[in-house]
Amino acid sequence: MSDRYGPKRVSLSGFVIASISLALLALVRDDSIVAKAGLAVLLFTLGTGMNLILTPLAADMLYEANIIEEQNPDVFGDAGAYALVYSFLCAAFGLGTSVGPAWSGFMFEDIDWAAAMVSLVAFCLLGGVGVFFYTGGAEAGKRVRLDEHV
C-alpha cells in the first residue's frame, strides 16, 4: 500500500484510525458483554491502525537510509545502514511498549480510564505530526526497487 499511496498517507491513516480507536476506548466503562465485544472490536481496530503506522515507516526508514548510504558510503560504519536503522526502530518500539503501558497505568490509577485513553490519543496525534512533517522521501509510484541497485 505504501508503494502505491506513499508511506506518509498510509502512516497518517494509521494514526487517525489508532487515535479514533483510543478515543472510543474511553467510552468502555462497564463489564457487560456488549462492552467486552466493543472492546474487542476497538482493540482489533487499534491493532490495524498500529500496523498501518509501523510497516510503512519501517520501510521508509530503510529506503531513506539506503539513499544516505549511497551518498555517503562510510557514514553508517561497517555494519551498514540496515543494522543501525533497524536497531533504532527496535529501540523506539521497545521504549513505546514499555512507557505506554506504564503511563496508561499511572493515569488510570491516579485519574481514571478516560484520562488514560485521552492521554494516549494525545501521544498518538503527536506522533502523527512528526510523520506528517518528516516522512515520505519518494512519492508514491516513483520508488526504485532496492534490488535493482544491487
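This passage describes the overall fold of a predicted model and then turns to helix H5, its packing and two single residues.

The protein chain contains five helices and zero strands, and from the N terminus on its elements run α-α-α-α-α. Along the principal axes, the C-alpha trace of the chain spans about 55 × 30 × 25 Å. Of the 150 residues in the chain, 32% count as buried. Among the contacts between residues at least 6 apart in sequence, 72% join residues that are at least 24 apart.

Helix H5 comprises the 22 residues from 113 to 134, and because each residue should add 1.5 Å, a span of 32 Å is expected, which agrees with the 32 Å that separates the C-alpha atoms at its ends. The buried residues of H5 are Ala114, Ala115, Ala116, Met117, Ser119, Leu120, Val121, Cys124, Gly128 and Val131. In helices of this kind there are 3.6 residues a turn, so residues three or four places apart point the same way. The cover over the buried residues of H5 includes helix H2 (7-25), helix H3 (33-71) and helix H4 (80-110).

The packing of H5 against H4 can be described in more detail. The two helices, H4 and H5, meet at an angle of about 145 degrees, with their axes 7 Å apart, and the crossing of H4 and H5 is right-handed. On the side of H4 the contact is made by Gly100, Trp103, Ser104, Met107 and Phe108, while H5 contributes Trp113, Ala115, Ala116, Ser119, Leu120 and Phe123. Sorted by character, the residues of this contact between H4 and H5 divide into eight nonpolar, three polar and no charged.

H5 also takes part in the largest nonpolar core, which has 20 residues and in which Leu22, Leu25 and Met117 have the most contacts. At least two residues of this core are supplied by each of H2, H3 and H5, and the largest share, eight residues, comes from H5. In soluble globular proteins, nonpolar side chains tend to be buried together. Leucine 22, one of the residues with the most contacts inside the core, touches Leu46, Met117, Leu120, Val121 and Cys124, when residues up to four places away in sequence are not counted.

Beyond the end of H5, threonine 135 lies in the segment that follows the helix. Threonine 135 counts as buried because its relative accessibility is 12%, whereas the limit for a buried residue is under 20%. Leaving aside residues up to four places away in sequence, threonine 135 touches Pro7, Lys8, Leu57, Asp60 and Gly130. Glycine 136, also just after H5, takes a positive phi of about 120 degrees.

At the other end of the chain, methionine 1 is placed in the segment before helix H1 (2-5). Methionine 1 is exposed, because its relative accessible area is 63% and a residue counts as exposed at over 50%. Methionine 1 nevertheless touches Gly6, Val10 and Leu52, again without counting residues up to four places away in sequence. The C-alpha atoms of methionine 1 and proline 56 are separated by 8.3 Å, although these residues are 55 residues apart along the chain.

How values were computed:
Residues numbered from 1 in each chain as written. Predicted model: local features only at pLDDT ≥ 70, side-chain atom pairs only at ≥ 80, totals over all residues. Heavy atoms only, no water. Helix = DSSP H or I, 4+ residues; strand = E, 2+ residues; numbered from the N terminus. Expected span 1.5 Å × (residues − 1). Buried < 20%, exposed > 50% of the residue type's maximum accessible area, 1.4 Å probe, protein only. Contact = heavy atoms within 4.5 Å. Axes fitted to C-alpha atoms, helices over the stretch in contact; angles between N-to-C directions. Left-handed = near helix turned anticlockwise from the far one by under 90°. Nonpolar A, V, L, I, M, F, W, Y, C, P; charged D, E, K, R; others polar. Core = buried A, V, L, I, M, F, W, Y, C linked by side-chain atoms within 4.5 Å.
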